[in-house]
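User: I'm new to this one and I'd like to know what the labels people put on it rest on. Could you take me through it?

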Amino acid sequence: MPPLSDPLQIAPTPVPPGSPAREVALAHRIAELGEWFHNLDLHGISTAPHHFLGDFPNIKWKYISQAIPEDLTGATVLDIGCNAGFYSLKMKQRGAKYVHGVDVDERYLSQARFAAETLALDIDFQKRSVYDVDEIPGQFDYVLFMGLFYHLRYPLFALDKIIKKVGKRLVFQTMIRGSQAARVWDDDYPFWNEEVFLHPDFPAMYFIEKSYSHDYTNWWIPNRGAVESMLRSSGLEILEHPELETWICAPSNVTRNGRYILEMELDGTL
Ligand SMILES: C[S@@+](CC[C@H](N)C(=O)[O-])C[C@H]1O[C@@H](n2cnc3c(N)ncnc32)[C@H](O)[C@@H]1O
């Protein structure tokens with residue numbers, strides 16, 4: 001990778017770090033990059049100080065960070081739906097060797113690139129859909145799939161593709177609604193048992209036909225039982241649940257007879 005340039009040294013006269021002029025230039029550039037979803041701290045300036053969820057995603061990272069090694073020296077990371085790169089930046093700051101963030105939104109990617117450059121962190125942000133991650137060569141030690149599952153019309157299709165990229169750990173986060181209970185269910189039920197479907201804890205996803213939270217890209221919102229059963233069904237072992245909406249998983253049975261679940265499902269041999 002070429003050396004990082006200082007994004008605030010583009011003025012004819014370089015602005016010294018910490019000077020008021022530099023702060024003004026930084027604030028101006030942050031505003032120019034549009035509305036931010038991630039509240040990043042860029043040399044003391046917050047990118048989304050009025051986020052409706054509070055100091056987001058710091059409020060989540062506070063808990064998730066404890067479930068990820070502080071020293072990630074040598075690790076590789078894929079951050080899917082990276083937005084302005086909050087989690088990519090955190091992983092790089094922990095020493096990861098290579099961090100690759102992908103998103104479909106150019107505005108967020110520009111914010112992510114600017115943030116990384118401003119903080120002098122070498123991160124590879126590229127435009128790519130979650131549905132194409134299986135075209136990226138190789139696997140990553142850590143794959144982050146956070147805040148995206150419920151935005152997808154084909155959530156399990158995406159999850160089963162993502163599994164192929166997970167070397168060691170998947171960090172999975174989704175909005176959940178409905179029951180937050182985790183229960184063990186029977187392996188099978190008779191055809192005439194309809195009661196089990198009336199139980200609020202039974203794994204279920206709510207389908208949003210129109211919009212939820214003024215966002216028409218919220219499609220499927222699972223309850224906790226559905227999240228955990230889908231993760232297990234995709235061949236993952238759940239290792240930790242550091243906060244309400246986040247699970248840390250390891251690949252366990254992602255292949256059957258040497259083939260991925262996705263391939264078997266698509267060719268009708270699962
Ligand atoms: C709610 S944000 C979550 C951002 C971040 N991962 C987090 O947890 O804070 C959802 C992100 O997913 C991106 N996104 C939506 N559809 C996508 C797709 N098909 N492939 C990749 N990213 C997508 C959006 O542009 C947005 O940045």
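User: Let's start with the ligand. How do you know which residues surround the ligand?

Analyst: Keep in mind that this is a predicted model. A residue makes the list if its C-beta atom lies within 6 Å of the ligand. By that test 17 residues surround the ligand, and the closest are Gly81, Asn83, Asp105, Met146 and Gly147.

User: What kinds of residues make up the shell around the ligand?

Analyst: The shell divides into nine nonpolar residues, six polar ones and two charged ones. Glycine goes with the polar group in this scheme.

User: What makes the protein as compact as a globular protein of its length?

Analyst: First, the parts: the protein has seven helices and 13 strands. Its radius of gyration is 20 Å, and the globule rule gives 18 Å for 270 residues; those values are close, so the protein counts as compact as a globular protein of that length. As for its extent, the C-alpha trace spans about 75 × 40 × 30 Å along the principal axes.

User: How much of the protein counts as buried, and how many contacts join residues at least 24 apart?

Analyst: Of the 270 residues, 33% count as buried. Among contacts between residues at least 6 apart in sequence, 59% join residues at least 24 apart.

User: Why is Thr246 called buried or exposed?

Analyst: The cut-off for buried is 20 or more other C-beta atoms within 10 Å. Thr246 has 20 of them, so Thr246 is buried. Thr246 sits in strand 11 (residues 246-251). Leaving out residues up to four places away in sequence, Thr246 touches Lys60, Ile64, Val171, Phe172 and Gln173. Take Phe172: Thr246 and Phe172 are 74 residues apart in sequence, but their C-alpha atoms are 5.6 Å apart in space.

User: And why is Arg259 called partly exposed?

Analyst: Exposed takes 12 or fewer neighbours and buried takes 20 or more, with partly exposed in between. Arg259 has 13 C-beta neighbours inside 10 Å, so Arg259 lands in the middle class. Arg259 belongs to strand 13 (residues 259-260). Between Arg259 and Leu270 there is a separation of 11 residues in sequence and 9.7 Å in space, C-alpha to C-alpha.

User: What makes strand 3 largely enclosed?

Analyst: Four of the five residues of strand 3 are buried, so the rest of the structure largely encloses strand 3.

User: How do you know which strands pair with strand 3?

Analyst: Pairing takes at least two bridges between strands. Strand 3 and strand 4 run parallel and are joined by five bridges; in one of these pairings, Thr76 has Tyr98 of strand 4 as its bridge partner. The chain gets from strand 3 to strand 4 through helix 3, and that β-α-β crossover is right-handed. Strand 3 is also joined to strand 6, in parallel, by four bridges, with Val77 opposite Tyr142.

User: Which strand pairs with strand 4 over four bridges?

Analyst: That's strand 5 (residues 124-127), again in the parallel sense. Val102 stands opposite Gln126 there. The link from strand 4 to strand 5 passes through helix 4, giving a right-handed β-α-β crossover.

User: Why is helix 3 called mostly covered?

Analyst: Seven of the eight residues of helix 3 (residues 86-93) are buried. They are Phe86, Tyr87, Ser88, Leu89, Lys90, Met91 and Lys92. Their cover includes helix 2 (58-64), strand 3 (76-80), strand 4 (98-103), helix 4 (106-118) and strand 6 (140-146). Just past helix 3, Gly95 has a positive phi of about 100°.

User: Which residues of helix 5 are buried, and what do they pack against?

Analyst: In helix 5 (residues 155-162), the buried residues are Pro155, Ala158, Leu159, Asp160 and Ile162. They pack against strand 3, strand 6, strand 7 (166-173), strand 9 (220-222), helix 6 (224-233) and helix 7 (261-266).

User: What covers the buried residues of helix 6?

Analyst: The cover includes helix 5, strand 8 (205-207), strand 9 and strand 11. The residues underneath are Arg224, Gly225, Ala226, Val227 and Met230, which are buried. Right after helix 6, Gly235 takes a positive phi of about 95°.

Notes: Residues are numbered from 1 along each chain as its sequence is written. This is a predicted model: local features need pLDDT of at least 70, side-chain atom pairs count only at pLDDT 80 or more; totals for chains, interfaces and linings use all residues. Helices (H or I, at least four residues) and strands (E, at least two) are DSSP runs, numbered from the N terminus. The radius of gyration is taken over C-alpha atoms; the globule rule is 2.2 Å times the number of residues to the power 0.38. Two residues are in contact if their C-beta atoms, placed from the backbone, lie within 7 Å. A crossover is right-handed if, with the strands pointing away from the viewer, the path from the first strand over the helix to the second runs clockwise.
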